[in-house]
Amino acid sequence: MSSIPPMPDANQQAVWIAFSRLEQRASMATGNPAILAKMGYQDATHFLAATEKCLFSTVDEILPLLLSPDIAPTMSAREICAAYFLKRQNVFSISVRNHATHYQAIRNYLPHNSPLHCYSVYLECRRSNYRGHAVETAELLAAYKQDVPILESGVMSIWRDTLFDFVQAEADFMVGDFKSAHQILTRVITTASGLNFGCADRSQFILAKLLRESGQPDQALRIWQDSAVRNRLIDNGDWTTLAVNYLNAAQCANDTKRADITRTELEASSELLPDVATRDSRLLGFQYLREGELATLEERYEEGEQLLRKALDFFRGIDPPCHEGLLETKIALGTYALFQDDLRMAWAIIRSLIDEASEKGCFPMRSRALLLQTWFFISSDPPTRIAFDNVLERIHMIQNPALMMHALGNLLSYAVNHLEESDRDHLLHRIRGLKEVLEEGCYEKLYQQHVASRFAPAMEERFERRFEENDPETAMGPA
């Protein structure tokens with residue numbers, strides 16, 4: 001192994017600026033022919049063939065490829081080939097430990113000041129987020145920054161900071177600090193759009209997910225349907241991301257009960273899936289899932305159940321199994337059982353789902369299962385006080401503050417009808433605490449939807465008075 005890192009070539013800065021803006025191999029191949037020449041490639045075909053070999057190589061195969069003059073004719077080419085290799089390893093079924101091994105195997109063969117070192121930190125933090133360790137991202141970033149070079153001020157240092165901000169926003173979103181995630185994403189989108197970084201669209205997509213999860217699917221739908229973004233994906237030939245875009249738009253439209261839009265989006269995704277599913281088979285399962293949800297929305301219950309079970313079988317059968325899709329489908333079946341008033345079946349499904357989601361590390365799905373469990377307390381035959389206490393004890397595991405507001409609203413309805421005033425005050429205090437992790441407008445909208453609109457005005461006014469009594473700032477009076 002080389003002990004002294006090689007020197008960069010004269011084109012390093014220009015090549016990496018192009019990568020920060022184009023990222024996708026097809027975009028790099030067609031978007032800037034002069035950059036391909038600077039990297040030493042004969043043409044787009046030569047570049048695509050070389051990077052594809054790196055993309056699909058194993059950790060044992062990558063080093064000979066990076067050292068091959070035909071694959072990486074210059075040092076800048078070696079850096080970009082390594083970037084695509086690491087990016088390809090950013091598959092959530094591969095562990096963080098394995099990914100670190102990939103990076104360690106090649107790091108000494110790259111210039112010490114290569115932006116790839118920072119890019120590998122970004123990729124590893126993203127993987128860590130999706131492996132259920134989002135709470136550790138800030139600590140990881142702090143530790144990794146000690147191990148990567150400080151880039152000179154300029155476009156590259158701004159790109160590095162933008163990527164690091166992005167993974168922190170993603171982590172905040174995953175652990176339920178929606179206010180911080182929204183603030184950081186807004187900053188990232190402004191910077192990335194202004195400098196034309198490729199992560200601008202990715203940041204918009206995370207924002208769209210955040211908006212949907214915070215009970216604002218109509219705003220999320222506008223982002224997914226942005227024609228400029230879709231046209232860029234088409235121009236870049238990024239059909240996989242475009243299919244994901246359509247499927248997410250369908251989900252948001254279904255949330256707002258706009259079946260016509262859901263249907264249009266699903267028809268668009270279905271046209272892409274025969275080709276796209278060969279690269280990401282999970283998407284076919286999500287197509288079945290969304291079609292099943294649409295059928296349920298349109299009260300085609302038998303067809304809906306068949307499609308949901310088809311999705312269930314699909315997610316189980318692929319290798320590796322898609323746990324997130326599997327659990328989301330099971331939750332949809334639990335919801336279907338609730339629609340059918342099969343409370344016994346729904347309760348059994350949901351209780352098992354909470355444990356399964358915890359075991360698999362699928363915390364967003366666990367949050368949704370816990371919310372479903374609170375629905376029983378607003379049914380015509382609610383569970384016992386013992387069951388209420390059990391659910392209340394576990395509800396802290398909901399990492400989505402919008403779902404938490406909904407769940408607490410359900411439990412508050414039960415408390416108003418069946419429990420003591422102290423129980424209601426406890427729930428009101430927890431609802432009030434969600435102000436810390438939700439944007440003010442979002443909090444007010446959710447409070448109106450899940451609390452204020454569910455009770456008579458006199459009761460809601462009493463809640464507000466209790467809020468003020470329990471608020472230390474209000475209790476202190478004016479300064």
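In this predicted model, Trp-16 and Phe-19 both belong to helix α1, which spans residues 12–22. The two residues are three positions apart, about one turn of the helix. Are Trp-16 and Phe-19 buried or exposed? Both are buried.

**Aromatic pairs**

The model has 20 aromatic pairs under the rule that ring centres lie within 6.5 Å. Trp-16 and Phe-19 form an edge-to-face pair, because their ring planes stand at 70 degrees and planes over 60 degrees apart count as edge-to-face. Another edge-to-face pair consists of Phe-286 and Phe-315. The table lists the values for these two pairs.

| Pair | Centre to centre | Angle between planes | Arrangement |
|---|---|---|---|
| Trp-16 and Phe-19 | 5.2 Å | 70 degrees | edge-to-face |
| Phe-286 and Phe-315 | 5.0 Å | 65 degrees | edge-to-face |

Where in the chain do Phe-286 and Phe-315 lie? Phe-286 is in helix α17 (residues 282–297), and Phe-315 is in helix α18 (residues 301–317). With their positions 29 residues apart, the pair links distant parts of the chain. Phe-286 and Phe-315 are both buried.

**One aromatic cluster**

Trp-16 and Phe-19 are also members of an aromatic cluster. The cluster further contains Tyr-41, Phe-47, Tyr-84, Tyr-119, Tyr-122, Trp-159 and Phe-166. Which residue lies over the face of Phe-166? It is Arg-202, at 5.9 Å from the ring centre.

**Helices α8 and α10**

Helix α8 covers residues 116–133, and helix α10 covers residues 155–175. The two helices pack with their axes 10 Å apart and at an angle of about 5 degrees. Angles under 35 degrees count as roughly parallel, and α8 and α10 are therefore roughly parallel to each other.

On the α8 side, the contact is made by Cys-118, Tyr-119, Val-121, Tyr-122, Cys-125, Arg-126, Asn-129 and Tyr-130. On the α10 side, the residues are Trp-159, Arg-160, Leu-163, Phe-164, Phe-166, Val-167, Glu-170, Ala-171 and Met-174. By class, this contact has 13 nonpolar residues, one polar residue and three charged residues. Some names recur from the aromatic cluster, including Tyr-119, Tyr-122, Trp-159 and Phe-166.

**Leu-428**

Leu-428 is located in helix α24, which runs over residues 421–433. Why does Leu-428 count as buried? Its relative accessibility is 0%, and buried means under 20%. Leu-428 and Tyr-246 are separated by 182 residues in sequence and by 38 Å in space, C-alpha to C-alpha.

How values were computed: Residues are numbered from 1 along each chain as its sequence is written. This is a predicted model: local features need pLDDT of at least 70, side-chain atom pairs count only at pLDDT 80 or more; totals for chains, interfaces and linings use all residues. Side-chain values use heavy atoms; hydrogens and water are left out. Axes are lines fitted to C-alpha atoms, for helices over the stretch in contact, and angles run from 0 to 180 degrees between N-to-C directions. Helices (H or I, at least four residues) and strands (E, at least two) are DSSP runs, numbered from the N terminus. Angles under 35 degrees count as roughly parallel, over 145 as roughly antiparallel, 65 to 115 as roughly perpendicular and the rest as oblique. Contact means heavy atoms within 4.5 Å. Ala, Val, Leu, Ile, Met, Phe, Trp, Tyr, Cys and Pro count as nonpolar, Asp, Glu, Lys and Arg as charged, and the others, Gly among them, as polar. Rings of Phe, Tyr and Trp (its six-membered ring) pair if their centres lie within 6.5 Å; planes under 30 degrees apart count as stacked, over 60 as edge-to-face and the rest as tilted. Buried means under 20% relative accessible area, exposed over 50%, partly exposed in between (1.4 Å probe, protein chains only). A charge sits over a ring if NZ of Lys or CZ of Arg is within 6 Å of the ring centre and within 35 degrees of the ring normal.
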